[in-house]
Amino acid sequence: MDRNQALDDLKAIRQIMDRTQREAGKHGGWSMVIAGVMWLIGFTATQFLPDGYINWTWAVISIAGTGAMIWIATRSTRRSGVRTPLWWPIFLFWWALAVFDLLLVWLFDITDGIQIGLVILLTFAMGYAQFGLFYHWLITAAGASIGVLAISAFLLIPSHFCLAMAILGGGLLIGSGLWIACSRT
Amino acid sequence: MGELNPLIHQPTRLRIMAALTSLEADEKADFVFLRDLLELTDGNLSVHLQKLEEAGYVGIEKTFAGRRPKTWVAITPEGHSAFSEHIDALEQIIHN
């Protein structure tokens, strides 16, 4: 075998590996879309609704969103071409982050809604950034971008922080998720 | 210098091994998923999987999803090792 043939073989190997990982990871895209819709609704509500309604809104969205993610994961498991034992660890990973945020807010007695939002956003941005290292570069990019957006909005437009995160953060998750889920290899 | 693996060197089997290697440990690929991913026919994929299974490079598990038969394919540790050695041999050709 000559050098060019070896190069062609390695290129073919890399292409197939990338394509396989993208196809196997498509279900993650729909979970990102659901998360994006949750943020879009939740942060918009936080921006405009009276204080008394905000917690209830997030509670309803969280329950509905979690249910939708479980349904997606179950459906994907049945219909996906890849059987993985990782579904529940992945699910628990994200819930562990949520519990971590609750603990942070409680332990440090954070009562400002915008600060709570920033803590949650930065935690999940870091989660996405790390998660994407194992699954899809776009998830990492989305996580890093959300982190930058959250910090920028917090510092530059604090009075419109929630609206910015609803549109930009939610939109980024929905867009990235749709790209991952629907891209043809 | 490492040797190219003649079984894995065949283009279709090379692509099959590349696809299976990229999955996480304990993950298995469905036969139909592999077929569509690699744009092969049922017969073509079956023949190559059989050869790889006989060599101990892949494991094949047949189950049922309801009433529908499903075939799951996963690379074995021996397959991982053989594929890694084959890649090393390719890289040696490139660098020499």
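Buried means under 20% relative accessible area, exposed means over 50%, and partly exposed is what lies in between (1.4 Å probe, protein chains only). This is a predicted model, so local features need pLDDT of at least 70 and side-chain atom pairs count only at pLDDT 80 or more, while totals for chains, interfaces and linings use all residues. Residues are numbered from 1 along each chain as its sequence is written, chains are lettered from A and ligands numbered from 1 in the order in which they are written, and side-chain values use heavy atoms, with hydrogens and water left out.

**Exercise 1. Work through the salt bridges.**

Take a salt bridge to be a side-chain nitrogen of Lys or Arg within 4 Å of a carboxyl oxygen of Asp or Glu.

Step 1. The count over all chains is five salt bridges.

Step 2. Try A:R14 and A:D18: their side chains meet in a salt bridge at 3.6 Å, N to O. Both sit in helix α1 of chain A, four residues apart, about one turn of the helix. Helices here are DSSP runs (H or I, at least four residues), strands are too (E, at least two), and both are numbered from the N terminus. A:R14 is partly exposed at 46% relative accessible area, and A:D18 is partly exposed at 31%.

Step 3. Now go to B:D30 and B:K70, whose closest N and O atoms are 3.6 Å apart in a salt bridge. This pair links distant parts of the chain, with B:D30 in strand β1 of chain B and B:K70 in strand β3 of chain B, 40 residues apart. Both B:D30 and B:K70 are buried.

Step 4. Finish with B:R35 and B:D36, a salt bridge with its closest N and O atoms 3.1 Å apart. B:R35 counts as partly exposed at 22%, and B:D36 is partly exposed at 47%. Add B:D42 and you've got a network of salt bridges linking B:R35, B:D36 and B:D42.

**Exercise 2. Place strand β3 of chain B among its partners.**

Step 1. β3(B) spans residues 68-75, and six of its eight residues are buried.

Step 2. Strands pair if DSSP finds at least two bridges between them. β1(B), residues 28-30, pairs with β3(B) in the antiparallel sense over two bridges. β2(B), residues 58-65, also runs antiparallel to β3(B), joined by eight bridges.

Step 3. Look at B:V73 in β3(B): B:A29 has B:V73 as its bridge partner, and B:I60 stands opposite B:V73.

Step 4. The hairpin of β2(B) and β3(B) has two residues between the strands, and B:G66 takes a positive phi near 70 degrees there.

**Exercise 3. Describe how chain B meets chain A.**

Step 1. Using contact as heavy atoms within 4.5 Å, 28 residues of chain B touch 24 residues of chain A.

Step 2. Buried area is the accessible area (1.4 Å probe) that two parts lose on being put together, summed over both. Here that's about 2300 Å², with carbon and sulfur atoms giving 70%. B:F33, B:L37 and B:I94 supply 25% of the area that chain B buries against chain A, more than any other three residues.

Step 3. Check the polar side: the rule finds zero salt bridges across this interface.

Step 4. Which elements of chain B give two or more residues to the side that touches chain A? They are α2, β1, α3, β2, β3 and α5. The largest share, six residues, comes from α5(B).
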